[in-house]
Amino acid sequence: MELNLDIAPGELTRADQKILDYINTNTDAFLFCSIGQLARQLQLSDATVSRFARHAGCTDFKALKGMVMEQAAGPAAKMAGTLAGQGEFSLVDWLEQQLLYLQKTARQLNRAEFEQAAQALTQAGRIFLHGKNASAPLAQMLAFRLRRLGLQVSLLPSGGSEMLEGLVQAREGDVVVMFSFAKLSREGRIILDRSKEAGYRTLAFVSRTCIPAEERADISLFAYRGQEQEYHSMAAPTALLDALVVAVSQQLGSRGNEALENLHQIKKKYFPQG
């Protein structure tokens with residue numbers, strides 16, 4: 001990265017330039033080190049590093065790291081931001097934080113849309129799922145659970161022409177599920193655009209409460225994943241996904257139970273020790 005400082009190059013001391021070069025070329029390492037570790041790494045004093053932070057317009061070293069996090073905005077920056085907020089990592093504190101995320105999801109989730117989502121999946125001719133990057137495992141888990149209930153499910157490739165080859169099969173009466181938490185991907189835009197012509201319904205898992213009209217799916221389910229500069233947790237989306245599967249199972253009634261029982265009997269026949 002290239003740290004944007006409101007300092008003229010001529011105003012930087014040799015020590016300042018040394019620190020700045022380290023931040024620009026070792027951003028991830030900088031975000032995870034203490035002021036003492038950085039000083040030792042660069043063979044400078046703690047006081048020199050503190051002066052650089054003030055020279056950069058920050059009150060202290062912690063504020064400097066916060067500014068770098070904002071400008072870096074990558075996965076390492078988010079993880080560092082989360083750890084900085086917690087101090088020393090505590091498993092109990094982390095799990096309690098996930099509980100808060102679940103509570104915030106419960107407060108902001110639109111219950112009517114949740115019921116619509118369950119109904120849409122129950123009544124769909126076929127269900128197409130699209131997830132990429134960190135969302136891909138969620139799509140795979142949802143596919144696994146819905147198939148066990150006897151629903152026709154297809155996983156769309158994450159991108160490229162192969163995704164289009166799968167999407168072109170979706171038609172009226174089908175549902176396409178996608179995950180667009182932080183922003184709408186290129187593939188997500190294609191899914192929404194194609195729905196206007198093909199007639200299928202769209203269901204999106206999101207972590208934004210304000211979404212432009214052109215980026216909205218027919219049904220949106222909100223899951224809180226943390227603040228923008230934090231490590232984005234999948235605890236709430238996973239719990240919401242499981243809740244949706246349970247709601248679908250309830251709506252399917254005997255149809256879903258028969259599918260599960262049939263699967264159980266087949267497993268007993270072919271994998272008796274499984």
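This is a short talk on one protein chain, its salt bridges, a few buried polar side chains, a strand pair and a surface patch.

Before the details, please keep in mind that the model is predicted. The protein chain has 13 helices and 5 strands. It is 274 residues long, and 42% of these count as buried. If you take the contacts between residues at least 6 apart in sequence, 69% of them join residues at least 24 apart. The exposed area of the chain is about 15,300 Å², and carbon and sulfur atoms supply 50% of that.

Let me start with the salt bridges. The structure holds 6 of them, and I will go through some of these.

One is between Lys132 and Glu187, with the closest N and O atoms 3.0 Å apart. This pair links distant parts of the chain, since the two residues are 55 apart in sequence. Lys132 sits in the loop between strand S1, residues 127–130, and helix H9, residues 136–148. Glu187 belongs to helix H11, residues 186–198. Is each partner buried or exposed? Lys132 is partly exposed, because its relative accessible area is 27%. Glu187 has 10% relative accessibility, so Glu187 counts as buried.

Helix H11 also takes part in another salt bridge, through Arg189. The partner is Glu215, and the closest N and O atoms are 3.1 Å apart. Glu215 lies in the loop between strand S4, residues 201–206, and strand S5, residues 219–222, so this pair ties together parts that are 26 residues apart in sequence. Arg189 is partly exposed at 44% relative accessible area. Glu215, at 13%, counts as buried.

Glu215 has a salt bridge with Arg208 as well, and here the closest N and O atoms are 3.2 Å apart. Arg208 and Glu215 are both buried. Which residues do the shared partners join into one network? They are Arg189, Arg208 and Glu215.

Now the strands on either side of that loop. S4 and S5 run parallel and are joined by 4 bridges. One of the bridge partners to look at is Ile219 in S5, which pairs with Leu203. In a regular strand the side chains alternate between the two faces of the sheet. In S5, Ile219 and Leu221 point one way, while Ser220 and Phe222 point the other way. What is the burial state of these four residues? All are buried.

Next, some polar side chains, beginning with His130. His130 is in strand S1. With a relative accessible area of 3%, His130 is buried, the cut-off being under 20%. A polar atom of the His130 side chain lies 2.8 Å from the backbone oxygen of Ser158. Leaving aside neighbours within four places in sequence, the contacts of His130 include Leu156, Pro157, Ser158, Gly159, Val177, Phe179 and Ile191. Glu187, the salt-bridge partner of Lys132, is also among the contacts of His130.

Asp174 is another case. Its place is in the loop between helix H10, residues 160–167, and strand S3, residues 175–179. Why does Asp174 count as buried? Because its relative accessibility is 4%, and buried means under 20%. The side chain of Asp174 reaches the backbone nitrogen of Arg126 at 2.9 Å. Apart from neighbours within four places in sequence, Asp174 is in contact with Gly125, Arg126, Phe128, Gln169, Tyr200 and Arg201. Asp174 and Leu121 are 53 residues apart in sequence, and their C-alpha atoms are 8.5 Å apart in space.

Thr122 lies in helix H8, residues 111–123. Thr122 is buried at 11% relative accessible area. A polar atom of its side chain is 2.7 Å from the backbone oxygen of Ala118. Not counting residues up to four places away in sequence, Thr122 touches Leu151, Val248, Gln251, Leu252 and Arg255.

Last, the surface. Which residues form a nonpolar patch there? The patch consists of Phe89, Leu91 and Leu95, which together have about 320 Å² of accessible area. Leu91 is found in helix H7, residues 91–108. Leu91 counts as exposed, because its relative accessibility is 54%.

To go back to the salt bridges once more: Lys132 with Glu187 links distant parts of the chain, and Arg189, Arg208 and Glu215 belong to one network. That is the end of the talk.

Terms used. Residues numbered from 1 in each chain as written. Predicted model: local features only at pLDDT ≥ 70, side-chain atom pairs only at ≥ 80, totals over all residues. Heavy atoms only, no water. Salt bridge = Lys/Arg side-chain N within 4 Å of Asp/Glu carboxyl O. Buried < 20%, exposed > 50% of the residue type's maximum accessible area, 1.4 Å probe, protein only. Patch = residues over 30% accessible without salt bridge, like charges linked within 9 Å, V, L, I, M, F, W, Y side chains within 5 Å. Areas by Shrake-Rupley, 256 points an atom, 1.4 Å probe, with all protein chains shown as cover. Polar contact = N/O pair within 3.5 Å; in protein donor to acceptor, adjacent residues only side chain to side chain. Contact = heavy atoms within 4.5 Å. Pairing = 2+ DSSP bridges.
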